[in-house]
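Colleague: I would like a close look at one part of this model. Please take me through the metal site.

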Amino acid sequence: MDAEALLLARRDELLRAIGVSGDELAGIRVARSDGTADDEHDPEGSTLSSDWSRITSLHSTALAGLDEVDRALERLRDGTYGVCVSCGARIPDARLEVRPWADRCVACAV
Ligand SMILES: [Zn+2]
């Protein structure tokens with residue numbers, strides 16, 4: 001298992017998601033502020049606000065994910081990767097394969 005490759009791939013994914021959702025939020029902000037919508041956005045105000053909350057939540061989930069991935073990459077550089085930050089036990093490889101950014105063992109994560 002190459003944790004760094006997995007983390008960097010995940011990081012790319014998240015950066016793309018953050019870029020896309022950020023652009024969409026900017027588009028909605030423009031559509032709201034001038035009272036007109038460009039071709040890509042529905043001019044209905046109610047649609048804009050439901051889009052806004054959906055995309056805001058996507059955006060913040062992706063930002064939180066990016067933070068987790070960045071901290072995992074830091075731990076890789078420090079040599080503390082794969083060690084539970086809470087109890088100091090080794091995090092099982094099976095867990096890291098599913099969540100390469102995990103910073104706690106199964107027992108501490110619950
Ligand atoms: Zn632990």
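Which residues coordinate the zinc ion, and through which atoms?

Modeller: Bear in mind that this is a predicted model. Four cysteines coordinate the zinc ion: C84, C87, C105 and C108. Each binds through its SG atom, at 2.3 Å. The site is tetrahedral, with angles of 104 to 117° among the four donor atoms. In sequence, the donors follow the spacing C-x2-C-x17-C-x2-C.

Now take C84 and C108. This pair links distant parts of the chain, 24 residues apart. C84 sits in the loop between α2 (45-78) and α3 (93-98). C108 belongs to helix α4, residues 106-109.

How buried or exposed are these two? C84 has 3% relative accessibility, so it counts as buried, the cut-off being under 20%. C108 has a relative accessible area of 25%, so it falls in the partly exposed class, between 20% and 50%.

Next, the stretch from 84 to 108. The C-alpha atoms at its ends lie 8 Å apart. The span is 36% helix and 0% strand. An unreviewed UniProt entry annotates residues 84-108 as "zinc finger region: dksA C4-type". That label comes from the record.

One last point on cysteines. A search of the whole structure finds zero disulfides. In this model, the SG atoms of C84, C87, C105 and C108 coordinate the zinc ion.

Notes: Residues are numbered from 1 along each chain as its sequence is written. This is a predicted model: local features need pLDDT of at least 70, side-chain atom pairs count only at pLDDT 80 or more; totals for chains, interfaces and linings use all residues. Side-chain values use heavy atoms; hydrogens and water are left out. A disulfide is a pair of cysteine sulfur atoms within 2.5 Å. Buried means under 20% relative accessible area, exposed over 50%, partly exposed in between (1.4 Å probe, protein chains only). Donors are N, O and S atoms within 2.8 Å of the metal (3.2 Å for Na, K and Ca); water is not among the atoms, so sites may look incomplete. Four donors count as tetrahedral if all angles lie between 85 and 135 degrees; four count as square planar and six as octahedral if opposite donors are over 155 degrees apart and all others between 65 and 115; anything else is irregular. Helices (H or I, at least four residues) and strands (E, at least two) are DSSP runs, numbered from the N terminus. UniProt positions are given in the numbering used here, feature names are shortened, and annotations may be inferred rather than shown by experiment.
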